[in-house]
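I opened my notebook to look up charged side-chain pairs and see where each partner sits. Here is the structure I worked from.

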Amino acid sequence: MPNDLSKLFSINPDLDRKALAKTFKSQGNRLQIADVLNDKSAALLHATLLRNTPWGFAWFDGTHQFMRNEEARAKSPQDFAALNQSIMERARAHYTYLYYCYPMLQAYLEKWHPDHVLMRFLEFLNSAPMLELVREISGLSDLFKADAQATFFGPSHFLLRHSDDVPGQHRRMAYVFGFSKDWREDWGGYLQFFKDNADMDLAMMPRFNVLSIFTTDHIHSVGQVAPFATAPRLSITGWFRDQ
Ligand SMILES: O=C(O)CCC(=O)C(=O)O
Ligand SMILES: [Fe+2]
């Protein structure tokens, strides 16, 4: 791992990995790890997501749609109202989502902003210390790479119920690094898991400096963020793969 990467980011050395592995198993291969990064790493990522990320706009209309920041800035409020309306109509009966997004892997491969902090974090995600942490806690010893997107869920954003298990994609472990500060129970935005009978089985609150991981066999959603939430739900999320 290059030196500059380990200076930027590091994992909290005090994590009790054995205890975390036990809890991961007892919760049906799901876990939210508190204080996962050292304080400096988490503060840098929080500041980057809050103030220095060229967010685009992601939604689903039958396939994934993404509008880059440059393009979104050129749209009128009327354009956005119409788009919003069409997503809300779709959500009545079909799968969809709506949030601000920065597709880190695509940006990396296409060199959109090669010096951006998030590009270094994508490298850190794919470095030995991070892969070893997730392998150790999950027992999945063949995880070897991760993709990533940064997401910003503002008021009324949501991600409906779905499974991450897309055939041929080799996604084994979903992950969500959370950087949301001072979240409140009434603001929605929980990562929620459902049982077969549609009762909620577990819900993880948006928090600062946490890593939520779960195997891709779980049906889950991100609850709609309340219109009165005064802070965004900030995350870096994706999948660890075995191929
Ligand atoms: O942001 C989250 O908590 C989950 C995101 C998710 O489920 C997904 O991107 O598939
Ligand atoms: Fe998901």
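**Entry 1: the annotated stretch.** I began with the UniProt record, an unreviewed entry, which annotates residues 126–242 as "domain: Fe2OG dioxygenase". I kept in mind that I was reading a predicted model. Over residues 126–242 I found 9% helix and 43% strand. The C-alpha atoms at the two ends of that stretch are 12 Å apart.

**Entry 2: counting salt bridges.** How many salt bridges does the count come to? I got 7 salt bridges. As a reminder to myself, side chains of opposite charge can pair when their charged atoms come close. I then looked up three of the pairs.

**Entry 3: R17 and E136.** R17 forms a salt bridge with E136, and their closest N and O atoms are 3.1 Å apart. This pair links distant parts of the chain, with the two positions 119 residues apart in numbering. I found R17 in helix α2 (residues 17–26) and E136 in helix α8 (residues 128–138). Next I checked accessibility: R17 has a relative accessible area of 25%, and E136 has 46%. R17 therefore counts as partly exposed, since its value lies between the 20% and 50% cut-offs. E136 is partly exposed too.

**Entry 4: D201 and R30.** Here the closest N and O atoms of the salt bridge are 2.6 Å apart. D201 lies in strand β10 (residues 200–204), while R30 lies in strand β1 (residues 30–33). They are 171 residues apart, so I noted another link between distant parts of the chain. Is R30 buried or exposed? R30 is buried, because its relative accessible area of 7% is under 20%. Its partner D201 is partly exposed, at 35%.

**Entry 5: D142 and R172.** I saw the side chains of D142 and R172 meet in a salt bridge, at 3.5 Å from N to O. D142 is in the loop between α8 and β5 (145–146), and R172 is in strand β8 (residues 171–179). The two are 30 residues apart, and this pair also links distant parts of the chain. Both partners count as partly exposed: D142 has 38% relative accessibility, and R172 has 28%. Which residues do shared partners join into one network here? I found D142, R172 and D242 joined by salt bridges that share partners.

Definitions and conventions: Residues are numbered from 1 along each chain as its sequence is written. Chains are lettered from A and ligands numbered from 1 in the order in which they are written. This is a predicted model: local features need pLDDT of at least 70, side-chain atom pairs count only at pLDDT 80 or more; totals for chains, interfaces and linings use all residues. Side-chain values use heavy atoms; hydrogens and water are left out. A salt bridge is a side-chain nitrogen of Lys or Arg within 4 Å of a carboxyl oxygen of Asp or Glu. Helices (H or I, at least four residues) and strands (E, at least two) are DSSP runs, numbered from the N terminus. Buried means under 20% relative accessible area, exposed over 50%, partly exposed in between (1.4 Å probe, protein chains only). UniProt positions are given in the numbering used here, feature names are shortened, and annotations may be inferred rather than shown by experiment.
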